[in-house]
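Trainee: I would like to go through this structure point by point. Could we start with the cysteines?

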Amino acid sequence: MIALSATFHLTHHCNLRCTYCYTGEKLPLAMNYDTIDQSINFIESELLRLGITQVHITFFGGEPMIEKEKIFYIIDAFAQKTQLKVSYRMSTNGTLLSEELMQKLYNHGVFVSLSIDGHPDVHDTHRVDAGGKPTSHKVEKAAEIMLSYNPATNVTCVLMPNTASQLCQSVDYIFNLGFRYITTTLDYSADWQEADFKILKKSYKKLSKWYIEKMQKNERFYLSFFDERIRSRTYKPIAANERCLIGTKQFSIAPNGELYPCIQFVKTESLPEFMIGHVNSGFDTACQSYLNDLSEKEKPECKGCKLESRCSKWCSCINFMSTGRIDQASPIVCYNEKILIEIVDKTADKLWKKRNNPFIHKHYNEDYNVISHFEITV
């Protein structure tokens with residue numbers, strides 16, 4: 001079903017000072033209630049214009065829990081619009097989460113995703129509070145609370161050059177905390193060197209052994225680094241209409257009401273060249289078209305690459321983080337995909353030759369996502 005996806009950046013403020021954060025200086029600039037009301041009206045008008053009734057709302061920041069009252073205000077406002085089908089997600093660092101707040105979020109149908117970069121030594125290398133103190137102990141407490149309400153909670157794990165050697169240990173740590181949905185990603189804005197990728201390749205090989213071991217033990221889990229790339233070979237490559245066409249059916253609302261194509265473009269420092277409108281005045285269609293055309297341009301640097309159809313060169317946000325442009329493929333993506341896909345394909349081949357039932361079920365049963373979620377949550 002076609003849906004609209006809108007992200008409310010409720011504040012530029014955050015109680016952490018993650019070293020790789022892209023949003024700029026942490027300022028106590030929050031979305032006020034007038035802007036929230038205008039944003040809700042804008043979303044409703046867009047749904048009407050597009051002739052659809054389903055909308056996915058994401059709460060983001062900064063740290064959205066700093067403005068938790070506004071989360072429930074938005075949910076209550078949409079609840080009055082009975083003709084709409086609304087789902088809610090939130091990404092959080094977890095340090096402000098309490099049992100009471102989690103229960104309220106759960107009761108309001110908010111799917112909460114947690115950021116954990118790995119075991120405490122890794123996590124505390126980059127994810128510290130405003131005073132420079134470690135946060136892993138608070139995140140572990142949040143993990144316990146979140147999993148008690150939703151065993152299918154997703155974790156986002158960011159990999160840096162100086163934590164690449166610890167990838168497998170970190171994934172195993174997150175798994176042992178109880179998480180079964182693990183989204184792993186590189187920091188594409190970091191200064192990755194050839195030596196870092198050599199270390200990363202060794203980590204991917206270790207992770208391959210971990211993945212095979214879990215499959216042989218009939219474990220149910222999702223690991224994005226491997227499962228997304230196995231999917232790209234098992235099924236057809238991601239089609240153009242499956243991608244996030246920036247600033248069309250997916251957009252971000254900054255605290256001041258400005259509209260941007262995606263979360264990566266919402267910063268303390270304004271990026272007027274990527275501003276696609278305002279909730280008061282609507283979309284700047286000329287800017288939307290320009291950015292979409294720029295994003296969809298052929299990338300000559302990818303010509304002739306056998307992996308072109310399987311890599312994420314089409315992601316404008318990743319390209320922007322890495323190169324500062326949305327029409328130029330990220331060299332970090334290129335280097336990483338060449339290393340990772342080779343290892344992932346060999347991993348998949350080993351499991352296929354063994355006729356590993358959990359692997360075959362996972363990657364050749366189209367109903368697996370629904371079945372797996374049910375198996376984890378019951």
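Trainee: How far is the sulfur of Cys287 from the closest cysteine sulfur?

Mentor: This is a predicted model, and the distance is computed from its atoms. The closest cysteine sulfur to that of Cys287 belongs to Cys317. A disulfide needs the two sulfur atoms within 2.5 Å. The pair is too far apart for a bond, because the separation is 14 Å.

Trainee: Is Cys287 buried or exposed?

Mentor: The relative accessible area of Cys287 is 13%. The cut-off for burial is under 20%, so Cys287 is buried.

Trainee: How many disulfides are there by this rule, and which cysteine sulfur is nearest to that of Cys21?

Mentor: The count comes to 0 disulfides. Cys21 is accordingly in no disulfide. Its nearest cysteine sulfur is 6.4 Å away, and that sulfur is in Cys18.

Trainee: What is the relative accessibility of Cys21?

Mentor: Cys21 falls in the class between buried and exposed. That class runs from 20% to 50%. Cys21 counts as partly exposed because its value is 32%.

Trainee: Let us turn to helix packing. At what angle do H2 and H3 cross, and are they parallel or antiparallel?

Mentor: H2 covers residues 68-79 and H3 covers residues 99-107. Their axes come within 11 Å and cross at roughly 15 degrees. That angle makes H2 and H3 roughly parallel.

Trainee: Which residues of H3 are met by H2, and what is the handedness of the crossing?

Mentor: From H2, the contact uses Lys68, Ile71 and Phe72. Opposite them in H3 are Leu101, Lys104 and Leu105. By class, this contact of H2 with H3 has 4 nonpolar, no polar and 2 charged residues. The crossing of H2 past H3 is left-handed.

Trainee: At what angle do H1 and H2 pack, and how many charged residues are in their contact?

Mentor: The axes of H1 and H2 are 11 Å apart, at an angle of about 35 degrees. H1 contributes Tyr33, Ile36, Asp37, Ile40 and Ile43, while H2 contributes Glu69, Lys70, Tyr73, Ile74, Ala77 and Phe78. The contact of H1 with H2 holds 8 nonpolar residues, no polar ones, and charged residues numbering 3.

Trainee: What is the handedness with which H1 passes H2?

Mentor: For H1 against H2, the crossing is right-handed.

Trainee: Where is Thr35 found, and which residues does Thr35 touch?

Mentor: Thr35 is found in helix H1, residues 33-50. With a relative accessible area of 8%, Thr35 is buried. Not counting residues up to four places away in sequence, Thr35 touches Pro255, Asn256, Gly257 and Val279.

Trainee: Which residues of H6 are buried, and what is the phi of the residue that follows H6?

Mentor: H6 spans residues 167-177, and its buried residues are Leu167, Cys168, Ser170, Val171, Tyr173, Ile174 and Phe175. Gly178 follows H6 with a positive phi, near 120 degrees.

Trainee: Is His119 buried or exposed, and which residues does His119 touch?

Mentor: His119 sits in the loop between strand S4 (110-115) and helix H4 (120-126). Its relative accessible area is 14%, so His119 is buried. Leaving out residues up to four places away in sequence, His119 touches Gln166, Gln169, Ser170 and Tyr173.

Trainee: What separates the C-alpha atoms of Asn154 and Arg180?

Mentor: Asn154 is in strand S5, residues 154-159, and counts as buried at 14% relative accessibility. Beyond four places in sequence, Asn154 touches Phe111, Ser113, Leu114, Tyr181, Ile182 and Thr183. Asn154 and Arg180 are 26 residues apart along the chain, and their C-alpha atoms are separated by 7.4 Å.

Trainee: Which peptide bond is cis, with omega near 15 degrees?

Mentor: Most peptide bonds are trans. One residue of the cis bond, Gly62, lies in the loop between strand S2 (54-60) and H2. The cis bond runs from Gly61 to Gly62.

Trainee: What is the phi of Asn218, and what is that of Arg355?

Mentor: Most residues other than glycine have a negative phi. Asn218 is in the loop between helix H7 (194-216) and strand S7 (222-223), and Arg355 is in the loop between helix H11 (331-353) and helix H12 (357-364). Asn218 counts as partly exposed at 42% relative accessibility, as does Arg355 at 48%. Phi is positive in both, near 60 degrees for Asn218 and about 50 degrees for Arg355.

Definitions and conventions
Residues numbered from 1 in each chain as written. Predicted model: local features only at pLDDT ≥ 70, side-chain atom pairs only at ≥ 80, totals over all residues. Heavy atoms only, no water. Axes fitted to C-alpha atoms, helices over the stretch in contact; angles between N-to-C directions. Helix = DSSP H or I, 4+ residues; strand = E, 2+ residues; numbered from the N terminus. Parallel < 35°, antiparallel > 145°, perpendicular 65-115°, else oblique. Left-handed = near helix turned anticlockwise from the far one by under 90°. Contact = heavy atoms within 4.5 Å. Nonpolar A, V, L, I, M, F, W, Y, C, P; charged D, E, K, R; others polar. Buried < 20%, exposed > 50% of the residue type's maximum accessible area, 1.4 Å probe, protein only.
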